[in-house]
Amino acid sequence: MSPTGLSARVRIGYGLGSFATGTFGTVPGLLLLYYLTDVLGVGAGLAGLLVFLPKAWDVLLNPWIGSLSDRSTRSRFGPRRSWMLLGAVTMPLCFAAMFAAPDGLDGGPAAAYVAVLFLLTASAYAFFQVPYVALPAELTADPDERARVMSWRVAFLGVAILLSGAVAPMLAGSTADDRGSAGGYRLMGLVIGAVLACGMLAAVGATAGTRTVIRTTGEPGLRAQLRAARGNAPFFWLLAAFVVQAAATGLMLAGTQYFATYILDRPSATTVLFACLIVPSLLAMPLWLAVGRRGGKRDAAIGASICFLVGALGAAAGRHLPDTLIYAAVALAGVGYAGVQMLPLALLGDAIAADAYTSGRRRAGVFTGLWTAGETLGLALGPGLFGLVLSLGGFVSSDADHRVAQPGSALTAIVTGFGVLPAVLLLLSLPLLGRYRLTEAELTRLRDAAETRPARATAPYDEESSA
């Protein structure tokens, strides 16, 4: 093993942390809005706001945690692990409680209960997620070794998204009809909470004590972090595109249960729709990797976005298509979703490396804190927008025991939120991705220049001035 090589225990253990990140990135976006409107009887507009606001808080919290974990690196568990452990022991409990509203609680009180628990859950998750994402840059200085670590992370991430997206709706509907019940959601919260705890604790335990190969530098405040991000043009444009695409993903996740229940008239089809999205994405990952190697990661990301966009447009015609064609459209979106999820992470690593080569500072926590904040914002905007569209469409909320027929305007709102708006957002993301111009050749040039000049701080990399 090379000096920077990592053991299989570290690689696999780190990857297991993606069971937590993939699961938490999927289940609330898939079920929380529906839980509020169709189990607890919360109005669609208010429910969308409640799903959005706690995650919006993380936009401020995540960069602070990133800077904090950059500066606070001494722990018997190793750098960043103490923060990861804090999230691992608190977040699963908050998650389970969030889906366990007391019996008889509905409307406004139920909304307040879920909002508080979701805020606590999202905050606890941030303490794990931000240092977790920053960790690979400190485990090894070898780019190939980092790629191997990330391959385990991506593999476990895909499995987590597939399993949680398929199993969580089944558990939620296990104690009543397949539309879900308070008892079913309570059971789902407990089971998914246990999965979250196992994944988080595995990542902490497997990487504990691993030596750090580089030192990181923290920025003192959010304003300084934003300046660092704006000075790194590739990161800035990549983040902007990723936030818009995350909002598109959040819309489709939030709309899946509604689409299955009210458009397909089969609530159990939620699992089928989700499988149609995720299974093709798992199969397509090697394809997008090959396309990225041959034609460049940025161009591959643009191609994946277009593929996702076309699939979303097919889903938008869901009221007029047979089920088979709807599933095919969602599967096409899933092929694009694979690239949309995987390729930006590879581009992110290049943008962070470019900053290190030109500034002489290691600020992985700063950039990953802003990245996870942007991802959180995008995924929160999705359900928030979907709730707003439902409200404008006249969607009628109900509790689990009293179902109501929806007006035609509400059905139109569902297909708009599930297909039309995601397609529009993906279209808007294309020119943003086009502004990312950091090529592999330019990154190599920056690395060679950094190795030959005396160690000193320079201005952050700005592609506009280097062009």
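**Thr270**

I began with the side chain of Thr270, which in this predicted model makes a polar contact with the side chain of Gln257 at 3.0 Å. I then looked for a backbone partner and found that a polar atom of the Thr270 side chain lies 2.9 Å from the backbone oxygen of Pro267. Thr270 sits in helix α10, and I noted that it counts as buried because its relative accessibility is 1%, which falls under the 20% cut-off. Setting aside residues up to four places away in sequence, I listed the residues that Thr270 touches as Leu30, Pro169, Thr256, Gln257 and Ala260, so Gln257 appears both in this list and as the polar partner.

**Helix α10 as a whole**

I next followed the helix that holds Thr270. Helix α10 covers residues 269–295, has 27 residues, and reaches 37 Å from its first C-alpha to its last, which is close to the 39 Å expected at 1.5 Å a residue. Where does α10 bend? I located the bend at Ala284, where it amounts to about 40 degrees, and I recorded that a proline, Pro286, follows within four residues. Just after α10, I found Gly296 with a positive phi of about 100 degrees.

**Ser281**

Staying in helix α10, I turned to Ser281, whose side chain reaches the backbone oxygen of Ile278 at 2.5 Å. Is Ser281 buried or exposed? I entered it as buried, because its relative accessible area is 3%. Beyond four places in sequence, I found that Ser281 touches Gly334, Val335, Tyr337 and Ala338.

**Gly374**

I moved on to helix α13 (residues 364–392), in which Gly374 is found. With a relative accessible area of 8%, Gly374 is buried, and its contacts outside the four nearest places in sequence are with Leu239 and Val243. I also checked a C-alpha separation here: Gly374 and Ala246 are 128 residues apart along the chain, yet their C-alpha atoms are separated by 8.5 Å.

**Cysteines**

I looked for disulfides and the count came to 0. For two of the cysteines I kept the accessibility values: Cys94 counts as buried at 16%, and Cys276 counts as buried at 17%.

**The chain overall**

I counted 16 helices and 0 strands in the chain. Of its 467 residues, 58% are buried. For contacts with a separation of 6 or more, I found that residues 24 or more positions apart account for 84%.

**Confidence**

Before relying on any of this, I went through the pLDDT values: the chain averages 80, and 82% of the residues score at least 70. Which helix has the lowest confidence in the chain, and which the highest? I found the lowest in helix α16 (residues 463–466), at a mean of 42, and the highest in helix α14 (residues 408–434), at 93. Over residues 456–461 the pLDDT stays under 50, although the model has 22 contacts for them beyond four places in sequence. I made a similar entry for residues 463–467, where the pLDDT is below 50 and the stretch has 12 contacts in the model beyond near neighbours in sequence.

Methods: Residues are numbered from 1 along each chain as its sequence is written. Side-chain values use heavy atoms; hydrogens and water are left out. Helices (H or I, at least four residues) and strands (E, at least two) are DSSP runs, numbered from the N terminus. The expected span of a helix is 1.5 Å times one less than its number of residues. The bend at a residue is the angle between axes fitted to the seven residues ending there and the seven starting there. pLDDT is the predictor's confidence in each residue, from 0 to 100. Contact means heavy atoms within 4.5 Å. Buried means under 20% relative accessible area, exposed over 50%, partly exposed in between (1.4 Å probe, protein chains only). A polar contact is a pair of N or O atoms within 3.5 Å; within protein, one must be able to donate a hydrogen and the other to accept it, and residues adjacent in sequence count only if both atoms are side-chain atoms. A disulfide is a pair of cysteine sulfur atoms within 2.5 Å.
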